[in-house]
Amino acid sequence: QFDYRIDVRSDEEWKAGHVNISLHTPGLATIPAVNYQHVLQGKEESSVLVYCRSGRRAFSAALNLLRYGFSTVYSLHTGGYPTLSNTIIQHSLQDPTTSPTKALCYLTGGSSVCPTPLPLSHIPSLATYYRWETTSL
């Protein structure tokens, strides 16, 4: 389970869709993590999952976080946000009796079927809903 999800995609990608409680750090793959203290400070002992669109930036950003002092960093390197989003939606729609799952509400942050974002305490790790490889660094 991850304490935080860190989205390293561009502002445009973020605006097109994101997990509603991810930390947005565009450029973290190439800019030293110290420049993101306002977002990252105090989270160094947390378990984090870093993701982007395809995985390349996430891996670079994960290495950057390790250099900054993070100790438990995972990089989503198979598919990135589009695959994450599609997998959660497919999982939610598989069984009409449980659709939408909490993960779908977590992803969307609210919709006609999830009128308000679910609090983090009600949502299991997204790792529960996908079977991708993550790289523990």
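**Figure 1. Strand β3, covered on both of its faces in this predicted model.** On one side of β3 the buried residues are Ser 47, Leu 49 and Tyr 51, and on the other side they are Val 48 and Val 50. The strand is accordingly described as mostly covered, with five of its five residues buried. In a regular strand, side chains alternate between the two faces of the sheet. Two of the residues on the first side, Leu 49 and Tyr 51, belong to a core of seven residues that lies apart from the largest one and that also includes Phe 2 and Leu 76, whereas Val 50 is among the members of the largest nonpolar core that touch the most other members.

**Figure 2. The parallel pairings of β1, β2, β3 and β4.** Strand β3 pairs with β1 in the parallel sense over four bridges, and β3 also pairs with β4 in the parallel sense, again over four bridges. Between β1 and β3, Tyr 4 has Val 48 as its bridge partner, while the bridge partner of Ile 6 is Val 50. Ile 6 also stands opposite Leu 23 in β2, the strand of residues 23–24 that pairs with β1 in the parallel sense over two bridges. Towards β4, Val 50 stands opposite Ser 75. From β3 the chain passes through α3 to reach β4, and this β-α-β crossover is right-handed.

**Figure 3. Val 73 in strand β4.** Val 73 is buried, and its relative accessible area is 0%. Its C-alpha atom and that of Val 50 are separated by 7.4 Å, although the two residues are 23 residues apart along the chain.

**Figure 4. The largest nonpolar core, with its 18 residues.** In soluble globular proteins, nonpolar side chains tend to be buried together. Within this core, the residues that touch the most other members are Ile 6, Leu 28, Leu 40, Val 50 and Leu 65. Two or more residues are given to the core by each of α2 (37–40), β3 (47–51) and α3 (56–68), and it is α3 that gives the most, with five residues. Around Leu 28, once its neighbours within four places in sequence are left aside, the residues in contact are Ile 6, Val 8, Ala 33, Tyr 36, Ala 61, Asn 64 and Leu 65.

**Figure 5. Helix α3 and its buried side.** The helix has 13 residues and reaches 19 Å from its first C-alpha to its last, which is close to the 18 Å expected at 1.5 Å a residue. Its buried residues are Arg 57, Ala 58, Ala 61, Ala 62, Asn 64, Leu 65 and Tyr 68. These residues lie on the same side of α3 because they cover an arc of only 160° around the axis. An α-helix has 3.6 residues a turn, so residues three or four places apart point the same way. The buried residues of α3 pack against β1 (4–7), α1 (11–16), α2, β3 and β4 (72–76), whereas the face turned away from the buried side carries the exposed residues Arg 56 and Arg 67.

**Figure 6. Gly 69, just after α3, and Val 34, in the loop between β2 and α2.** Gly 69 takes a positive phi of about 120° at its position just after α3. Val 34, from the loop between β2 and α2, is partly exposed, with a relative accessible area of 47%. The C-alpha atoms of Val 34 and Gly 69 are separated by 9.9 Å, and the two residues are 35 residues apart along the chain.

**Figure 7. The whole protein, for orientation among the close-up views, with its five helices and five strands.** Along the sequence, these elements follow the pattern β-α-β-α-β-α-β-α-α-β. The protein has 137 residues, of which 44% count as buried. Among the contacts with a separation of 6 or more, 64% are accounted for by residues 24 or more positions apart.

Notes
Residues numbered from 1 in each chain as written. Predicted model: local features only at pLDDT ≥ 70, side-chain atom pairs only at ≥ 80, totals over all residues. Heavy atoms only, no water. Core = buried A, V, L, I, M, F, W, Y, C linked by side-chain atoms within 4.5 Å. Buried < 20%, exposed > 50% of the residue type's maximum accessible area, 1.4 Å probe, protein only. Contact = heavy atoms within 4.5 Å. Expected span 1.5 Å × (residues − 1). Arc of directions from axis to C-beta. Pairing = 2+ DSSP bridges. Right-handed = clockwise from strand over helix to strand, strands pointing away.
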